[in-house]
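Subject: The structure you asked about

Hi,

Here is the structure I promised to pass along. Have a look at it first, and then read on for my notes.

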Amino acid sequence: MDRRTNFNYWMQVLFFCLFFTASSGKVRYVLPEEMQTGSIVGNVARDLRLEVRELRARRARVVADGISQLCELDLTSGNLLISQRIDREELCAQDSGCTIQHQILLEDPLQAYGLLLDITDINDNTPVFAAGEINLDLVESTVLGRRFPLESAHDPDLGTNSVNQYKLSPNDHFGLEIDTQINGNAYPELVLKKALDRETQAEHVLNINGIDGGNPARTGTASIRIRVLDTNDNVPVFSQRVYRASVPENSVTGTIIAQLNATDLDEGLYGEITYSFSHLSDKTRGVVHIDPLSGEVRVAGVFDYEEASTHELDVQAKDGGGQASHCKLVIDVTDINDNKPVIEIKSASANVAEDSKPGTMVALINIYDLDTGNSGDVTCSIPDNVPFQIVSEVKNYYMLLTYGTLDRELQSEYNITVTATDSGSPSLQGIKVLTIVVIDVNDNPPNFTQSEYIANLFENQPVGAFVMKVTAQDRDDASNAKLLYQISKDTDSDVSSFLTINIETGELFTSRLFDYEHSAYFQIKVEVRDGGDPQLTATCIVNVFIKDQNDNAPVVLYPVQAFIVEDMVPLEAPRGYLVTKVVAVDADSGHNAWLSYRIIKETQPNLFMVGLHTGEIRTARSFLENDEPKQTIVIVVTDNGHDPLSATATVSIAIGEGLPVVQELFELVDESQGSYSLRLYLVIALLTVSSLLIFLIIAVCYFKLCRRGYVYRSTTTNLPVFPTTYYPPSFTDFSHCGTLLKDDRYDPFLTTGSWRGDFRFGSNTDTDTLKKRSAAYQKNTLRRTSADRSTLKIRAGPPPPCYVIT
């Protein structure tokens with residue numbers, strides 16, 4: 001019998017599951033409660049006339065608005081499956097109809113279908129009496145046929161599954177009859193069929209069974225204990241059989257809801273009435289309280305319209321004799337705007353590429369309000385200062401779209417405040433912050449911090465010496481900003497091998513030894529490329545200037561040390577008479593090429609003197625008869641480097657009688673005049689350098705404005721050569737303006753007035769020619785006469801020094 005019953009039951013379940021109605025944008029299924037998880041409700045794809053593959057492609061899913069989700073969608077088959085236990089009594093309480101509304105949501109393009117689930121009742125609850133034992137006190141004088149209302153059994157099921165009959169255990173004095181309330185609910189009444197006799201039997205114990213109409217039927221049992229008392233012939237009477245009251249939700253605890261009133265014509269103990277609730281549902285228990293003496297019903301908890309809009313309560317009035325009567329209290333809960341709009345992110349892309357086109361969907365937002373009427377109408381907004389907009393094409397669903405151009409370098413992250421506002425009074429707002437991260441694309445090329453770099457490097461540095469570091473920056477992020485450096489292929493092939501570069505840091509190192517005298521300047525191009533796809537590049541120019549070191553000793557050009565040549569001087573030569581001139585050069589430049597001359601050895605002391613910077617050998621006094629006719633002087637030539645280098649020159653001088661004294665080679669020099677001349681030269685040099693510095697500052701300013709290079713060439717060919725420390729640091733020796741040119745070409749000769757210190761370099765002959773002319777000069781010296789000496793000239797020196805503003 002049980003198997004046949006179960007078979008019939010599941011046939012009904014199958015019938016209900018197959019029943020649905022589909023209309024425009026809506027599908028309805030009827031299903032019983034308590035179906036097993038994973039049971040098939042229906043095929044949504046077929047009922048909505050959709051392809052199964054379309055469900056997966058458009059990311060179809062079931063969405064519940066404000067309630068737990070009861071079912072889910074199988075994207076493989078298109079079936080709608082039960083996802084959790086469904087209890088109709090929990091969802092809809094005592095409502096006759098129980099319809100749950102979900103949404104079937106499809107994206108791209110956004111489309112929503114209504115999903116209605118009609119939950120039907122099954123007999124899954126047993127009738128329950130609120131009190132397991134019912135106590136009645138009856139006087140023995142109670143007339144036959146007197147009815148005594150009993151508490152009805154409570155069954156959450158509906159219809160035939162609820163309680164529809166009561167049975168009383170067999171006895172001689174009482175019978176059971178069923179009465180119907182206004183709302184149609186049946187409740188039992190105990191009817192006295194035989195007179196009571198307290199002396200014969202003072203107490204009667206009966207059992208009452210409440211039976212529902214389910215298949216199979218369920219039964220609930222309670223015991224009735226009846227005490228036989230003395231006469232109490234009046235029962236309490238309520239002024240109304242049904243009381244109705246309304247209360248706003250969220251009312252303050254203690255607020256009076258209703259005043260119940262019952263009267264009893266008896267006096268004394270039998271006339272004292274107490275009030276109580278016969279049965280309270282789970283949603284009502286703890287929410288209301290009744291004063292047992294006054295009958296006032298007050299708020300004891302929180303009324304929530306969204307949880308239950310109506311409460312029905314059975315109230316009992318009982319006198320001191322145990323007799324009671326019942327009434328019903330109906331409480332209607334009125335809705336107020338007490339729920340903020342709820343914002344749920346149904347689909348969101350936390351990241352969006354900065355090159356996304358306007359109109360790209362970033363997030364799908366569902367907004368709803370549990371309130372009703374105007375309080376449930378919601379509007380959604382986002383700030384105006386973000387490149388996004390909110391668009392709604394389906395009720396309660398909003399799409400967050402890109403509206404303008406995104407640039408990660410300007411703003412890499414947006415915290416978008418989504419605000420939902422209802423239309424209640426006062427209105428309430430729901431706020432949710434949605435974080436959107438802008439993904440970088442390689443839209444910015446790297447940039448060097450300088451378009452041109454200047455590196456100063458001393459010659460003779462070891463291979464691998466650090467030169468400088470070039471730095472580039474890229475506004476992009478991650479791999480798009482990873483920079484790699486290299487020597488550009490556009491660099492001269494002969495120069496590109498001079499330096500190596502660290503591809504990750506941009507540090508430049510030497511890959512060979514540099515010689516200032518061979519090359520003082522070269523230029524390379526450095527290229528940097530980022531790690532994006534496609535790669536972006538940038539280039540910069542590195543100007544490398546080789547600085548001179550004192551690595552070349554002075555070279556004596558005259559007198560030639562390979563063979564001895566004597567210089568002739570008249571015996572009558574006065575003090576300060578120019579005898580000869582030592583000519584020396586230094587391949588270095590600037591400070592390292594500034595030469596000084598000193599006598600370190602001589603045949604007869606204090607007979608000759610040499611100019612400190614000119615190399616001119618003059619008589620220190622007049623000759624005497626006993627002076628040696630042959631004199632040898634050793635002169636050391638020293639440069640002005642940090643570690644000075646030197647060379648020596650040996651000069652042989654013959655004192656001859658009868659030679660004429662050339663007036664042009666005579667200069668009266670005393671110590672005071674020499675000191676005064678030196679100070680005068682220093683003052684002139686200081687003024688010259690100061691003038692050059694002022695001119696340099698003006699030229700640099702003009703150069704910065706016009707971005708052009710200017711070359712300053714000195715026209716003071718008669719001035720002595722000063723070390724680099726005497727001219728401003730912004731000047732660079734452009735053409736090795738020391739005493740030796742790059743091509744090592746010299747043309748030494750004396751000029752009239754060379755005793756004044758004129759010292760020049762020619763550029764028309766090479767070193768071999770210079771040596772030949774020097775040798776010829778020495779031979780001619782032995783044969784020259786005093787008259788010829790006036791035409792003897794010494795010329796040597798570089799072109800006017802030139803400097804480039806760097």
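Below is what I found, going from the whole chain down to single residues.

**The whole chain**

Before anything else, keep in mind that this is a predicted model. The chain has 806 residues, and 44% of them are buried. On the secondary structure side, you'll find eight helices and 53 strands. If you take the contacts with a separation of 6 or more, 69% are between residues 24 or more positions apart. As for the outside, about 41,700 Å² is exposed, and carbon and sulfur atoms supply 51% of that area.

**The nonpolar cores**

As a bit of background, nonpolar side chains in soluble globular proteins tend to be buried together. The largest nonpolar core here holds 28 residues, and the members that touch the most other members are Phe-448, Val-470, Leu-508, Val-526 and Val-542. Which elements give two or more residues to this core? They are strands S34 (452-458), S35 (466-469), S37 (484-487), S38 (499-501), S40 (521-529) and S41 (537-547). S41 gives the largest share, with five residues.

If you want one residue to click on in that core, try Leu-508. Setting aside residues up to four places away in sequence, Leu-508 touches Ala-465, Phe-466, Val-467, Met-468 and Val-470, along with Ile-487, Leu-499, Thr-500, Ile-501, Ile-524 and Val-542.

There is also a second core, separate from that one, with 27 residues; among them are Val-27, Tyr-29, Leu-31 and Leu-117.

**Cysteines**

How many disulfides does the chain have? The count comes to one. The bond runs between Cys-92 and Cys-98, with the sulfurs 1.9 Å apart. The link of Cys-92 and Cys-98 is right-handed, at 60 degrees about the S-S bond. Both Cys-92 and Cys-98 are buried.

Two other cysteines may catch your eye. Is Cys-380 buried or exposed? Cys-380 has a relative accessible area of 15%, so it counts as buried, the cut-off being under 20%. Cys-701 comes out as partly exposed, because its relative accessible area of 44% falls between the 20% and 50% limits.

**A nonpolar patch on the surface**

Leu-680, Tyr-681 and Ile-684 make a nonpolar surface patch of about 290 Å². Tyr-681 sits in helix H6, which covers residues 671-706. With a relative accessible area of 53%, Tyr-681 is over the 50% mark and therefore exposed.

**Backbone oddities**

Two cis peptide bonds are worth a look. One joins Asp-533 and Pro-534, with omega at about 5 degrees. Pro-534 is in the loop between S40 and S41, two strands that also give residues to the largest core. Another cis bond joins Tyr-558 and Pro-559, with omega at about 0 degrees. You'll find Pro-559 in the loop between strand S42 (555-558) and strand S43 (566-570).

Then there are two arginines with positive phi. Arg-49 has a phi of about 60 degrees although it is not a glycine. Its place is the loop between helix H2 (44-47) and helix H3 (52-57). Arg-49 has 74% relative accessibility, so it counts as exposed. For Arg-59, phi is near 50 degrees, again a positive value in a residue other than glycine. Arg-59 lies in the loop between H3 and strand S4 (61-64), and at 44% relative accessibility it is partly exposed.

**A buried asparagine in a loop**

The last stop is Asn-444, in the loop between strand S32 (429-439) and strand S33 (447-448). Why does Asn-444 count as buried? Its relative accessibility is 13%, so it falls under the 20% cut-off. What does Asn-444 contact, apart from its neighbours within four places in sequence? The partners are Glu-409, Asp-474, Arg-475, Asp-476, Asp-530 and Leu-536. Asp-477 is 33 residues away from Asn-444 in sequence, and their C-alpha atoms are 9.8 Å apart in space.

That's the tour.

Cheers

Note on methods:
Residues are numbered from 1 along each chain as its sequence is written. This is a predicted model: local features need pLDDT of at least 70, side-chain atom pairs count only at pLDDT 80 or more; totals for chains, interfaces and linings use all residues. Side-chain values use heavy atoms; hydrogens and water are left out. Helices (H or I, at least four residues) and strands (E, at least two) are DSSP runs, numbered from the N terminus. Buried means under 20% relative accessible area, exposed over 50%, partly exposed in between (1.4 Å probe, protein chains only). Contact means heavy atoms within 4.5 Å. Accessible areas come from the Shrake-Rupley method with a 1.4 Å probe; for residues, only the protein chains shown count as cover. A nonpolar core is a set of buried Ala, Val, Leu, Ile, Met, Phe, Trp, Tyr and Cys residues joined through side-chain atoms within 4.5 Å. A disulfide is a pair of cysteine sulfur atoms within 2.5 Å. Patches are made of residues with over 30% relative accessible area and no salt bridge: like charges are joined within 9 Å, nonpolar side chains (Val, Leu, Ile, Met, Phe, Trp, Tyr) within 5 Å. A salt bridge is a side-chain nitrogen of Lys or Arg within 4 Å of a carboxyl oxygen of Asp or Glu.
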